[in-house]
Amino acid sequence: MAAPLDTIQIDTAPNPTASVIWLHGLGADGSDFVPIVRELDLSACPPIRFIFPTAPTMPVTINGGYVMRAWYDIFAPDLVRREDEAGLRSSQAAIEALIAQEKARGVPANRIVLAGFSQGCAMTLQTGLRHPERLAGLMCLSGYLPLAATIEAERHAANHDTPIFMAHGTMDPVVVLERAVKSRELLTQLGHPVEWHDYPMQHSVCGEEVEDIGAWLTRVLA
């Protein structure tokens, strides 16, 4: 059993009744998206607990074996020709443990949003679509669907109609737009409701996107 993930927690008000588990990208840590919370307009939402976990460290092949924080190894720039299935499934189990922890604290699964950027986006889809209870939503920023060949067989019916927010930069050199579009198209073909946004940016987050995230979180959690 892997050690529990270190997390940063921010409550928007006392006694949260909803949770957002937000996963960072390759080489970052749990602090990466903390500043965005105060930029979100969540005035119409009940109190929300934001959980920002930090991934374990591992050698990353594409970066010459350099040890950094990562949810799974990356072997090649195209991301999907060869995938670190063991790493993906190990991190999935760690994220499932965070969902279980929130449920134990009194937040039901259908009040929990999984969110992530880049590798964190991949983990959001990897975990959320397979989760055996309906979640409130999946927020997928600048990433893609991993293990795409297995998702039709492995996805759980509980999350067939869970809202999915996908956002991407049209000039992203890290996870190219085409990779995200193919992920969106597969999810749509499988019947998942995807709300798509793209922005004239690289592998990052922009102000317009922050506004769209706040509006979407309000729709799924208010």
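**Figure 1. Buried residues of helix H1 in the predicted model.** The model is predicted. Gly87, Leu88, Ser91, Gln92, Ala94, Ile95, Glu96, Leu98, Ile99 and Glu102 are the buried residues of H1. They pack against four strands and a helix: E1 (7-11), E2 (18-23), E3 (48-53), E6 (112-117) and H2 (119-128). H1 itself covers residues 85-104, 20 residues in total. From first C-alpha to last, H1 reaches 29 Å, close to the 28 Å expected at 1.5 Å a residue. Gly106 follows H1 and has a positive phi, near 100°.

**Figure 2. Helix H2 and its cover.** How many of the residues of H2 are buried? The count is 10 of 10, so H2 is largely enclosed by the rest of the structure. The buried residues run through Gln119, Gly120, Cys121, Ala122 and Met123, then Thr124, Leu125, Gln126, Thr127 and Gly128. The cover over these residues includes E2, H1 and E6. It also includes strand E7 (137-141), strand E8 (164-169) and helix H4 (177-189). H1 and H2 pack on each other: H2 is among the elements against which the buried residues of H1 pack, and H1 is among those covering the buried residues of H2.

**Figure 3. Helix H5 against the strands.** H5 spans residues 207-221 and has 15 residues. Its reach, first C-alpha to last, is 21 Å, close to the 21 Å expected at 1.5 Å a residue. Buried here are Glu209, Val210, Asp212, Ile213, Gly214, Trp216, Leu217, Thr218, Val220 and Leu221. Strands E2, E3, E6, E7 and E8 are part of what covers them. Strand E9 (194-199) is also included in that cover. E2, E3 and E6 appear in the packing of H1 as well.

**Figure 4. The largest cavity.** The structure holds 1 cavity of 30 Å³ or more. About 30 Å³ of space lies in the largest cavity. Which residues line the largest cavity? They are Trp22, Leu23, His24, Asp29, Gly30, Asp32, Phe33, Phe52 and Pro53. E2 and E3 are the elements that give two or more residues to this lining. By class, the lining has 5 nonpolar, 2 polar and 2 charged residues.

**Figure 5. The second largest pocket, with Leu79 and Ser118.** About 170 Å³ of space lies in this pocket. Its lining has 13 residues, and Leu26, Ile74, Leu79, Ser118 and Val174 lie nearest the centre. The classes are 8 nonpolar, 5 polar and no charged residues. Two of the residues nearest the centre, Leu79 and Ser118, also deserve a look at the backbone. Most residues other than glycine have a negative phi. Leu79 is not a glycine, yet its phi is positive, about 75°. Ser118 is not a glycine either, and its positive phi is about 60°. Leu79 sits in the loop between E5 and H1. Ser118 sits in the loop between E6 and H2. Are these two residues buried or exposed? Leu79 counts as buried at 12% relative accessibility, and Ser118 counts as buried at 8%.

**Figure 6. Met68 and its contacts.** Met68 lies in strand E5 (residues 66-69). It is buried, with a relative accessible area of 15%. Neighbours within four places in sequence are left aside here. Beyond those, Met68 is in contact with Leu26, Gly27, Pro56, Thr57, Met58, Val60 and Asn63. One of these, Leu26, is also among the residues nearest the centre of the second largest pocket. Ala94 is 26 residues from Met68 in sequence, and their C-alpha atoms are 18 Å apart in space. Ala94 is one of the buried residues of H1.

**Figure 7. Cysteines without a disulfide.** A disulfide is a covalent bond between the sulfur atoms of two cysteines. The disulfide count comes to 0. Why is Cys45 without a bond? The closest cysteine sulfur, in Cys140, is 18 Å from the sulfur of Cys45, too far for a bond. A disulfide needs the sulfur atoms within 2.5 Å. Cys45 is buried, with a relative accessible area of 14%. Cys206 is in no disulfide either: its nearest cysteine sulfur, that of Cys121, is 15 Å away. At 21% relative accessibility, Cys206 counts as partly exposed. Cys121 is one of the buried residues of H2.

Key
Residues are numbered from 1 along each chain as its sequence is written. This is a predicted model: local features need pLDDT of at least 70, side-chain atom pairs count only at pLDDT 80 or more; totals for chains, interfaces and linings use all residues. Side-chain values use heavy atoms; hydrogens and water are left out. The expected span of a helix is 1.5 Å times one less than its number of residues. Buried means under 20% relative accessible area, exposed over 50%, partly exposed in between (1.4 Å probe, protein chains only). Contact means heavy atoms within 4.5 Å. On a 1 Å grid over the protein atoms alone, a cavity is a set of points where a 1.4 Å probe fits but cannot get out, and a pocket is an open set with protein on both sides within 12 Å along at least five of seven lines; lining residues have an atom within 4 Å of a point. Grid points are joined across faces, edges and corners, and a volume is the space filled by probe spheres set on the points. Ala, Val, Leu, Ile, Met, Phe, Trp, Tyr, Cys and Pro count as nonpolar, Asp, Glu, Lys and Arg as charged, and the others, Gly among them, as polar.
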